[in-house]
Amino acid sequence: MTIEAPRSATATAIPTQSRSNRDTTMIRLRRRLTTILLLVAVWFVTASLGLLSERDFPPPSAALEAFVQLFTQGFAGKTIWVQIGDSLARWGLGLLVAAIVGVVIGVAVGWSRAADAAIRPIFELLRYIPPIAWGPLAILWLGTGMQSQAIVVFIAAFPPIVLNTEQAIRQVDPLLIRASRTLGAKGLRPLFDVVLPSGVGTVVTGIRIACGNGWMALMGAELIGASSGLGYLILQSQNNNNSAEILVGMVTIGLIGLAIDSAMRLAEHQINPDARKEASRGK
Amino acid sequence: MTLTQTARVAVEPGGRGPRRRGGDRGRRYPIISLLSACGLVLLWQAVTDWLHLVSPLLLPSPVAVIDRLGLMFVTPYAGSTAGEHLLASLTAVAAGWAVAILIGIPVGIALAWWPPARDYLGIVVDILRPVPPPAWVPFALLWFGISGIGAIFVVFLSAVMPIILNTQDGVRRVDPMLIDAGKTMGARGLTTLRTIVLPGAFPGILTGVRIALGNSWMTVVAAELVASSAGIGYAMRTAQGALQSDIVIGMMLLIGAVGALTSWVVGIASRTIAPWARREDRA
């Protein structure tokens, strides 16, 4: 949960560099398109031959119909936009609280050994309970409304933010802190003037990971107990044996997750263009 | 966890990076750590059994939870004893994880080793990756009903991605010099793969397998919470419906304990199998 993707810094050098890069890109694109077209063709053919039971997987026509239906007329009186809005609101609330509390606790743990000693054991006691397992308790306490879903998001998003903030604080060159003290900074001033500015990039990485974790946990939580949201939508579609709506819902969930991650990567890159280089150096 | 779920590398607490204030942080203040851990449990006991500040319906006392948990190992609840529920969940995890290892490692090697596969096969991985594993639960229910196979299917999906991506990453990280050296000495395709690439990629593969196990455990709980007829998640779901918060919390503790235990065992096992992987393993 705490965690960063190893993006291999150097992809294996492909020996055939005689062709221009543009050609290579074209070849790669063509290969990818081939697979996609092949899959789509298989989908159409199996559907039209009746090999695919519509209960199990929708034929393309039904998927398209469900897509139009969900985005224009909606499901149980709400268009999919409303479900998306509900999910995003819960996600945003959980993440916001996690970011605020997580950064504060991360700073405390990274800065003060006493705070570290006090908080670490509690963290360790709780970290092996998956966020989704808090769902039933949250529902018992708060019902199936927004807060109980947001709590699950919070629990999923909290650890990466704390750990990355802590890391950000520890990474700071101690010489810089001593230099600022020599120059007259007292008490907590080096924390605000030196440590926090230099650690922003790492904190943003933590928030990016938290965004993904939170979105995934929310989809689980909405399956367990919710009366709206994308997770609720796909579970209801399953109850109605409507495979086309499940498919549209899943694709929407995946695309939103992808959009969130891309946006966060962009933000990360803006704030700290060297992040990726540093990460690979760290390994 | 949309994208980063997969190839994650733990930022171990106090792991890498220059440490500002000496060695094992937290160990310096053992008394604070001890007080904080005990304090949490005592506070819980105080607000419930001693001061009656919280309704036992919402938060039963730790003593009551442990009592109830012990009883569940003897008397069946929701059709089985706690041990049997645990066995059902662990069986699904073991099956899904094993299939993910069998499929994920070859796919990961192919993706890194054979350039066309990176596109032909890689696009499929790229499409499936952003979908959070719990979002597969409706389809799993549609296809397999509430039998255990649905849970195994979802566990497999959550486990296979980190294995594929970390295997791929591990293979890419193998020093090209070693491969060239092998070729110079006459090693061909498969020999290179078996004697140089696989041992070199082993740390990455192990990391993937370990992350996969954590994901599996989290996912099986999610799948069982939504719909199942046995397992820890099922017991939790039943207890939530019956407003038995002592059982819900007891199951959470059990899930956490098993998660911690399995991660500890796998950590030891991977160090025993591949001692040379130890450093990479943490990175």
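These legends walk through several close-up views of a predicted model.

**View 1. The largest nonpolar core brings together 116 residues.** A good place to start is with the residues that have the most contacts inside this core: Trp91(A), Trp215(A), Leu230(A), Met236(B) and Met251(B). Helix H9 of chain B, which covers residues 189-226, supplies the largest share of the core, with 16 residues. As general background, nonpolar side chains in soluble globular proteins tend to be buried together.

**View 2. Leu230(A) and its neighbours.** What does Leu230(A) touch, once residues up to four places away in sequence are left aside? Its contacts include Ile80(A), Gln83(A), Ile84(A) and Ser87(A). Leu230(A) also touches Trp215(A), Met219(A) and Glu222(A), and the list is completed by Thr252(A), Ile253(A) and Ile256(A). Trp215(A) may look familiar: like Leu230(A), it is among the residues with the most contacts inside the largest core.

**View 3. A second core, separate from the largest one, has 8 residues.** Among them are Ile169(A), Val172(A), Ile177(A) and Leu191(A).

**View 4. Helix H8 of chain A bends at Val200(A).** This helix spans residues 189-224 and has 36 residues. Its end C-alpha atoms are only 46 Å apart, short of the 52 Å that a straight helix would reach at 1.5 Å a residue. The bend at Val200(A) is about 50°. Is H8(A) mostly covered or mostly uncovered? Mostly covered, with 29 of its 36 residues buried.

**View 5. Asp119(B) and Arg31(A) form a salt bridge between chains.** The N to O distance between their side chains is 3.5 Å. Asp119(B) sits in helix H4 of chain B (residues 115-120), and Arg31(A) sits in helix H1 of chain A (residues 21-48). Asp119(B) counts as buried because its relative accessible area is 0%. Arg31(A), at 21% relative accessibility, is partly exposed.

**View 6. Arg32(A) and Asp126(B) make another link between chains.** Here the closest N and O atoms of the salt bridge are 3.2 Å apart. The pair runs from helix H1 of chain A to helix H5 of chain B, residues 122-128. Asp126(B) is partly exposed, at 31% relative accessibility. Asp126(B) also meets Arg129(B) in a salt bridge, with an N to O distance of 3.8 Å.

**View 7. Shared partners join salt bridges into one network.** Which residues belong to this network? They are Arg28(A), Arg31(A), Arg32(A), Asp119(B), Asp126(B) and Arg129(B). Over all chains, the structure holds 16 salt bridges.

Note on methods
Residues numbered from 1 in each chain as written. Chains lettered and ligands numbered in written order. Predicted model: local features only at pLDDT ≥ 70, side-chain atom pairs only at ≥ 80, totals over all residues. Heavy atoms only, no water. Core = buried A, V, L, I, M, F, W, Y, C linked by side-chain atoms within 4.5 Å. Buried < 20%, exposed > 50% of the residue type's maximum accessible area, 1.4 Å probe, protein only. Helix = DSSP H or I, 4+ residues; strand = E, 2+ residues; numbered from the N terminus. Contact = heavy atoms within 4.5 Å. Expected span 1.5 Å × (residues − 1). Bend = angle between axes of the 7 residues up to and from the residue. Salt bridge = Lys/Arg side-chain N within 4 Å of Asp/Glu carboxyl O.
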